[in-house]
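Hello,

As agreed, I am handing over the structure for you to look at alongside your bench work. My notes on what turned up follow below it.

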Amino acid sequence: MPSLRLAALCLVCACATTPPPPSEAPPGVERHADAIDWAKAGDEAAQVLAGYLRVDTFNPPGNETRGAQYLADVLAKEGITAELLEFAPGRSNLIARLPATGPANDKPLCLLSHIDVVPAEAVAWPKDKGPLSGVIDENGVIWGRGALDMKGMGVLELMTLVWLKRANVPLARDVVLLAVGDEEVDNLGMKQLVEQHWSRLDCGQLVNEGGLGVKNLLFEGQTVFAVSVAEKGALWLRMTASGEAGHGSTPVPSRAPTRLVEAVKALSTRTPKPQIHAALYELLRRIGEQKGGVTGFVLQRPLLVDWFVTGRLMSKPPTRAGITNTCQVTGFDGKGSAPNVIPSQVSAIIDCRLLPGTTPEAVLEELKGLVKGVEGIEFTVLNADGANESTWVDPFFDALARQVVKGRTDVVAGPVLSPGYTDSLLARPKGTRAYGMVPFEVTQEELGTMHGRDERVSKANVTRGLEVLFRAVVDVSVAP
Ligand SMILES: [Zn+2]
């Protein structure tokens, strides 16, 4: 804790940051959304989602062509042609485009989702509301794997395209629906689009998963929509210890397993320094602005955040991951053949996640330095992707943030750095501004159902989410 005198000094000198004012929607564009009966549109979207959840796209193996075909059938009924691009047998991406009505004044706006979902243990779910049930229960809740991650958002994007067409919204740029496969394992679907088809996609901005609205995130009664504008990079390593092979009955210090244990111990002494990303300062500023009072005063001032909030952020694993370069041992590989045989090589697998501004090379050097006292240790790089980010001074970011808080006094939206990565990480190096926001408002318990059991989303969320997304898309793509 800082001394009182220093703290007092901070209070005097710390200024609230003054960001540029957010952009606004062109006048009169609300009429396109106001003309739609959203309750009815929400009912329809809920039915479409229920059907989509019943399509088995567990990855592995994926089978995303089934999901892509389901979406293509919905579009076909509206007279929108979809293109299916196979990236492996039975696995396809989908592209569907509404072209600009006149000359385009901007690059395409892309709506991205992934078709695949992580596996689910059906026995752990309620019998009549299983992961492939697509049941809409008596409380208007839609059940199934992917309801939140991310078939729900996929349907909001699909129906946004459908409603742009039905409502004859004049477009000043192409709006492109992208539904891809294999996001949950190797990102093969997005890699195909980025490597082979980007010249004709060339998304100026895109919306994807990343953040959603979490109720009571920091304060009781306040929902925070953290819109992901940056994602940490990933450095995956194999750390191999070598030593003399031998008999288990005769331990000596130069054995590979002993060395590996020492090296892992050495890595655990890492004490990464907190680095608060500019996006997090901005999110806290917006939270503070709405919260008011002494807490709000502190949150609006980066210097005071450094002094008074960093400790709290470091004390919880999810927030600590957002402000440090993390490295975690996630498994071990050995070449042992029997309990009494000491192998000549054993390895640990390490997953490091890097903040923007930190290179994979720098972290590798740091780890090498930590284990330099242990003999026979070598690192192999399995994967190295640097972090990347998009500016949030952007009309589409503003539109998403504006629409999701509209009419609500208990909701705040702002940019954030996401500790995990999504397909957005692949799009940003192509010059696309990528934002992660699923316009659903969930409790912390519901958030835990993503990749867990009982994944579900309410029809109310689908209805409001569709309207929010449609309005945000119209704001930045409508022709004058
Ligand atoms: Zn996802």
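His 451 lies in the loop between helix H17 (444-447) and E17. The model is a predicted one, and in it His 451 has a positive phi of about 70 degrees although it is not a glycine. At 47% relative accessibility, His 451 counts as partly exposed. A second residue of this kind is Asp 182, with a positive phi of about 65 degrees, again not a glycine. Asp 182 is found in the loop between E5 and helix H6 (188-196). Its relative accessibility is 1%, so Asp 182 counts as buried. As background, most residues other than glycine have a negative phi, and most peptide bonds are trans.

On the peptide bonds, a cis bond joins Asn 59 and Pro 60, with omega about 5 degrees. Pro 60 sits in the loop between H3 and H4. Another cis bond joins Asp 149 and Met 150, where omega is about -15 degrees. Met 150 belongs to the loop between E4 and H5.

Asp 149 also takes part in the metal site. The zinc ion is coordinated by His 114 through NE2, by Asp 149 through an OD atom, and by Glu 209 through two OE entries, at 1.9 to 2.7 Å. The angles among the 4 donor atoms run from 52 to 149 degrees, and the site is irregular. Why does it not count as tetrahedral? Four donors count as tetrahedral if all angles lie between 85 and 135 degrees, and the range of 52 to 149 degrees goes outside that, so the site is classed as irregular. Along the chain, the donors follow the spacing H-x34-D-x59-E. Asp 149, in the loop between strand E4 (141-143) and helix H5 (151-166), and Glu 209, in strand E6 (residues 205-215), are 60 residues apart, and the pair links distant parts of the chain. Both Asp 149 and Glu 209 are buried.

The remaining donor, His 114, brings in strand E3 (residues 109-114), where 6 of its 6 residues are buried. Leu 109, Leu 111 and Ser 113 point one way from E3, while Cys 110, Leu 112 and His 114 point the other way. That fits the general pattern: in a regular strand the side chains alternate between the two faces of the sheet. E3 is joined to strand E5 (residues 175-180) by 6 bridges, and the two run parallel. Within that pairing, Leu 109 has Val 175 of E5 as its bridge partner. A further 3 bridges join E3 to E6, also in parallel, with Leu 111 opposite Val 207 in E6.

There is also an open sheet of 4 strands in the order E10-E12-E8-E13, with antiparallel pairing. Strand E10 (326-334) and strand E13 (377-385) stand at the edges with a single partner strand each, so one side of each is left without a neighbour in the sheet. From one strand to the next, the twist averages 20 degrees. Strand E8 (residues 233-242) and E13 run antiparallel and are joined by 8 bridges. Arg 238 stands opposite Thr 380 in E13. Helix H8 (residues 256-267) lies across E8, E10, strand E12 (345-354) and E13, and runs at about 145 degrees to E8.

Next, helix H3. H3 has 16 residues and reaches 22 Å from its first C-alpha to its last, close to the 22 Å expected at 1.5 Å a residue. The buried residues of H3 include Trp 38, Ala 41, Val 48 and Tyr 52. What do the buried residues of H3 pack against? They pack against helix H2 (30-34), helix H4 (64-77), E4, H5, strand E17 (456-458) and helix H18 (459-477).

Tyr 52 is in H3 (residues 38-53) and has a relative accessible area of 0%, so Tyr 52 is buried. Leaving out residues up to four places away in sequence, Tyr 52 touches Gly 67, Tyr 70, Leu 71, Ile 115, Lys 151 and Val 155. Tyr 52 and Leu 156 are 104 residues apart in sequence, and 12 Å apart in space, C-alpha to C-alpha.

Asp 37 lies in the loop between H2 and H3. With a relative accessibility of 43%, Asp 37 counts as partly exposed. Asp 37 and Ser 249 are 212 residues apart along the chain, and their C-alpha atoms are separated by 76 Å.

Regards

Notes. Residues numbered from 1 in each chain as written. Predicted model: local features only at pLDDT ≥ 70, side-chain atom pairs only at ≥ 80, totals over all residues. Heavy atoms only, no water. Pairing = 2+ DSSP bridges. Axes fitted to C-alpha atoms, helices over the stretch in contact; angles between N-to-C directions. Contact = heavy atoms within 4.5 Å. Donors = N, O, S within 2.8 Å, 3.2 Å for Na, K, Ca; no water. Tetrahedral: all angles 85-135°; square planar, octahedral: opposite > 155°, others 65-115°. Buried < 20%, exposed > 50% of the residue type's maximum accessible area, 1.4 Å probe, protein only. Expected span 1.5 Å × (residues − 1).
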